[in-house]
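User: I'm new to this structure and would like a close look at one part of it, the largest pocket. Could you walk me through what lines that pocket, and then set it against the rest of the protein?

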Amino acid sequence: MKQSRLFAPTLREIPADADVVSHQLLLRAGFIRQNAAGIYSFLPLGKKVLHKVEAIIREEMENAGSNEMTMPSLQLAELWQESGRWYSYGPELMRLKDRHGREFALGPTHEEVITSLVRDEVKSYKKLPLNLFQIQTKFRDEKRPRFGLLRGREFIMKDAYSFHSSHESLDVTYEDMKAAYNNIFSRCGLNFRAVLADSGAIGGKDNHEFMVLSEIGEDLIAYSSESDFAANIEMAPVNVIYEASTESKKKMEKIHTAEAKTVAEISSFLSIDAAKVIKSVLFIADEEPVLVLVRGDHDVNEIKVKNVLGAASAELATPEETEKVLSCKPGNIGPVSVPENVKIIADHAVEYMVNAVAGANEENHHYQHVNPGTDFEVSVFADLRFIQEGDASPDGKGVIRFAKGIEVGHVFKLGQVYSNPLNASFLDENGKSQTMTMGCYGIGVSRTLAAVAEENNDERGLIWPLSLAPFDVHIIAANSKDEIQADFSEKLYDKLKGAGYDCLYDDRKERAGVKFADADLFGIPVRVTVGKKAAEGIVELKVRKTGEMNEIHVTELIEAIKSQRELLAR
Ligand code: ATP
Ligand code: MG
């Protein structure tokens, strides 16, 4: 491609409304342009990178036995009503009507469409398992579209769905998909982890998010310093062995603690460690009051509370509810002498607390020397707290560290959540009708592109990995008005194309400085500059990532490019 014909409008200034580096650089380098909030055009360079991401995904999905197809974006409301999501999906679902007043959704995801297709076409166990995928534009009216392609309202997703006659069969495909995702994100050069995630309302424990570790990530991940353990911090189990205290138990006594309410205030008021304080939090779980206790230096994990109670809902009690149940405001509540209808559950760490401080259920008062089992009874000790940095990793290997993550992919065992309401059934070996079991597997294609840009750049621009670069080689004629240089560059362009490289050739009659600045912005892995020494057959080879620069005779150029690319591929 000759750059004089390339549509890549570059910007020198940082666009004011772009607050992450990938968004700034993709705009500045002319890869994308915004059309409306969360809605973008892919300009030619962006489109080339997108093609490469898609090609990697396609190859790995097909290798894993998934078939590519395309489903419509316009989806009948009836289908969404059948699954129930027409009512539960909320304002993220873009809804519209046709000229006859029939309602449609612009597909944010395709479980309904694919399930209705497969239920109509597949009737026998012999046709299962079946794995189908598509790469397509999705629509979600996100509350906060932001960070450019990272959270758009119109974005490109790869979504795959698998159908099975048994859970065992789903287990096999799920592992295959995880392996394919590992290959995909490795080939994109990303630093990522497969993270155990919360299954939310759907339940089931096999649900992994593929997270790129990044400072701008919206999710917090707990991962092991030594193993591949990684989980969303909401999900990470705490598997810490607490040491029994050698302190002898003292007699509980009530003390005046003035205005001190929070754990921090109490520990400073009494000059004790936060780990000496019992943190008491009142929940209303399925309309019943439950007092949840954790050690003062720990935090209550509401998801774990809900799971341990097996409750449909578990919400923090409001100050009014707290006062009604415990006759005291939050801040002075505690487990001693609570009314009988209040269930007490506690985190494992609380079992090991000796002579602790807890609220006295009386304004301005706490108890000190409180001992579980002696001064109050706990109905269940369980894992109820958030994991913390420095805790032992739950798999016993290494310690926990935290990182932020960008979710680029998601694999999920759906079970029969969609096949049930949509009646996707098949006849088994015995001719008996059974409900299909399903899995779904998404990748944010445009988000992946942005995540790569976010991780690979410097102050001068983007730095694409070989696998995704819009071109392999950038040839620059330092002075296109110089006939020798222009002629030489033209020949070199043909030669490198002949050697199989996709080349961008800057033949514009611009100053060399402008050309170099644009080249740095684009981030093509290697750059060949044809300058004054062209007359002697010498060019300059520069590696974008390392900045390494060498003068090379043109006869050795192809070999030199090859070896630089081999170095970059490592
Ligand atoms: P998030 O928590 O980021 O909103 P999600 O859980 O809603 O993601 P899924 O429904 O699992 O996402 O969609 C599959 C994939 O599509 C995600 O893993 C993500 O990479 C991508 N994706 C989701 N929403 C967006 C968006 N608004 N813009 C770009 N990519 C997105
Ligand atoms: Mg979402």
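Analyst: Here is a walk through the pocket, followed by the wider setting.

One thing up front: this is a predicted model, so take everything below as computed from that prediction.

Let's start with the space itself. The largest pocket holds about 1300 Å³. Its lining is made of 48 residues, and those closest to the centre are Tyr89, Arg140, Glu209, Glu407 and His410. If you want a place to put your eye in the 3D view, try those five.

Which elements give two or more residues to that lining? There are helices H4 (85-88) and H11 (445-455), plus strands E8 (154-164), E21 (400-415) and E24 (437-444). Strand E21 gives the largest share, with 8 residues. Glu407 and His410, two of the residues closest to the pocket's centre, carry numbers that fall in the E21 range, 400-415.

Now for the other kind of empty space. Rolling a probe the size of a water molecule over the atoms shows where empty space is left. Besides the pocket, the count gives 1 cavity of 30 Å³ or more, and the largest cavity has a volume of about 50 Å³. Its lining consists of His474, Ala519, Asp520, Ile524, Pro525, Val526, Arg527, Lys542, Val543 and Arg544. Helix H13 (512-522) and strands E29 (526-530) and E30 (538-543) each give two or more residues to that lining.

Time to step back to the whole protein. The chain trace, taken at the C-alpha atoms, spans about 95 × 65 × 45 Å along its principal axes. Within it you'll find 14 helices and 31 strands. Of the 570 residues, 52% are buried. Among contacts with a separation of 6 or more, 69% are between residues 24 or more positions apart.

For a local example of burial, look at helix H5 (residues 111-121), which is mostly covered, with 8 of its 11 residues buried. The buried ones are Glu111, Glu112, Val113, Ile114, Thr115, Ser116, Val118 and Arg119.

Finally, the outside. The protein exposes about 26100 Å², and carbon and sulfur atoms supply 48% of that area. As for charge, there are 68 positive and 87 negative ones, and their mean positions lie 5 Å apart.

So if you only come back to one spot, make it the pocket of about 1300 Å³, with E21 giving the largest share of its lining.

Definitions and conventions:
Residues numbered from 1 in each chain as written. Chains lettered and ligands numbered in written order. Predicted model: local features only at pLDDT ≥ 70, side-chain atom pairs only at ≥ 80, totals over all residues. Heavy atoms only, no water. Helix = DSSP H or I, 4+ residues; strand = E, 2+ residues; numbered from the N terminus. Buried < 20%, exposed > 50% of the residue type's maximum accessible area, 1.4 Å probe, protein only. Contact = heavy atoms within 4.5 Å. Areas by Shrake-Rupley, 256 points an atom, 1.4 Å probe, with all protein chains shown as cover. Lys, Arg positive; Asp, Glu negative; His and termini not counted. Charge placed at Lys NZ, Arg CZ, Asp CG, Glu CD. 1 Å grid on protein atoms, 1.4 Å probe; cavity = no way out; pocket = protein on both sides within 12 Å on 5 of 7 lines; lining within 4 Å. Points joined across faces, edges and corners; volume = space filled by probe spheres on them.
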